[in-house]
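Trainee: I've got this model open and would like to zoom in on a single part. Could you walk me through one helix and what it meets?

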Amino acid sequence: MLMNLFSSFDPSSNWNLSLNWMSSLTCLILIPSMFWLVPSRLNMLLMKITTTLHKEFKTLLGPASKGSTLIFVSLFSFILMNNFLGLFPYIFTSTSHMTLTPGVALPLWLAFMVFGWINHTIHIFAHPVPQGTPPILMPFMVCIETISNVIRPGTLAIRLSANMIAVHLLMTLLGNTGQSLSIMMINLLIVIQLLLLLLESAVAIIQSYVFAVLSTLYSTEVN
């Protein structure tokens, strides 16, 4: 049962093929339609979300940013698309796999670090010691800040993967009990599954937003 429970997170579990990662590229097929089709309500909603995110990221980055919100808005859209694709049956949730999420978080963190060390070396050296720190605590603050900085890509990746896996596992556990339930309990189970589906939809949006906002905040520390 344990193997069946976690088989839904195996990239090769469906149809014995290794094409489940192709779901991550679906967003590349869907996005260009807004540029050559008549704008629909869905496209208007996407443009509204994009504009709102641009304004918020612009505020977080500060007046020094010059069009640099594009990467964070694109990051939000990419993660959100993959999170929602995982809600459909027989589609692999790539953002629940620890192969994809570190591959997104680690290059971003490395880019921020390299940019900061090259362009703002003194600021990076001074950042681990906040202003007003007592001299006796400075060595400890350097160690704590260094560790918290190094583990950032790992926390970004694990947070996204764990939250996408959690509700999937709960829905799978409940679904496996349906064969031994009565008709009345099955109706209750369906209602619970629908509520969990709504919860997972909310988690998909929130985790995409959290990932993009934290990446934006990390970038502000090296400017």
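Here is a close look at one helix, with the rest of the chain as background.

Mentor: Sure, let's take helix H9, and keep in mind that this is a predicted model. First, the setting. The protein chain has 10 helices and zero strands, so the string of elements from the N terminus reads α-α-α-α-α-α-α-α-α-α. Of its 223 residues, 34% are buried. If you look at contacts with a separation of 6 or more, 72% of them join residues that sit 24 or more positions apart.

Now H9 itself, which covers residues 152–176. Is its length what you'd expect for 25 residues? Let's put it this way: what should the helix span at 1.5 Å a residue? The expected figure is 36 Å, and the end C-alpha atoms are 36 Å apart, so the two agree.

Next, which residues of H9 are buried? The list includes Arg 152 and Pro 153 at the start, then Leu 156, Ala 157, Leu 160 and Ser 161. Further along you'll find Met 164, Val 167, His 168, Leu 169 and Met 171.

Arg 152 deserves a pause. Its relative accessible area is 12%, and the cut-off for buried is under 20%, so Arg 152 counts as buried. It also has a charged partner: the side chains of Arg 152 and Glu 221 meet in a salt bridge, at 2.8 Å from N to O. Glu 221 lies in the segment after helix H10 (183–220), so this pair ties H9 to a part of the chain 69 residues away in sequence. In general, side chains of opposite charge can pair when their charged atoms come close. Unlike Arg 152, which is buried, Glu 221 is partly exposed, at 25% relative accessibility. And how many salt bridges does the structure hold? Just one.

Leu 156 gives you another link out of H9. Ser 215, which is in helix H10, touches Leu 156 along with Phe 72, Leu 75, Leu 108 and Phe 112, leaving aside residues up to four places away in sequence. Ser 215 is buried too, at 2% relative accessibility.

For contrast, hop over to the surface. Leu 42, Leu 45, Leu 46 and Ile 49 make a nonpolar patch of about 340 Å². Ile 49 belongs to helix H4 (residues 41–61) and is partly exposed, with a relative accessible area of 34%. Over the protein chain, about 14,000 Å² is exposed, and carbon and sulfur atoms supply 76% of it.

Note on methods
Residues numbered from 1 in each chain as written. Predicted model: local features only at pLDDT ≥ 70, side-chain atom pairs only at ≥ 80, totals over all residues. Heavy atoms only, no water. Helix = DSSP H or I, 4+ residues; strand = E, 2+ residues; numbered from the N terminus. Expected span 1.5 Å × (residues − 1). Buried < 20%, exposed > 50% of the residue type's maximum accessible area, 1.4 Å probe, protein only. Salt bridge = Lys/Arg side-chain N within 4 Å of Asp/Glu carboxyl O. Patch = residues over 30% accessible without salt bridge, like charges linked within 9 Å, V, L, I, M, F, W, Y side chains within 5 Å. Areas by Shrake-Rupley, 256 points an atom, 1.4 Å probe, with all protein chains shown as cover. Contact = heavy atoms within 4.5 Å.
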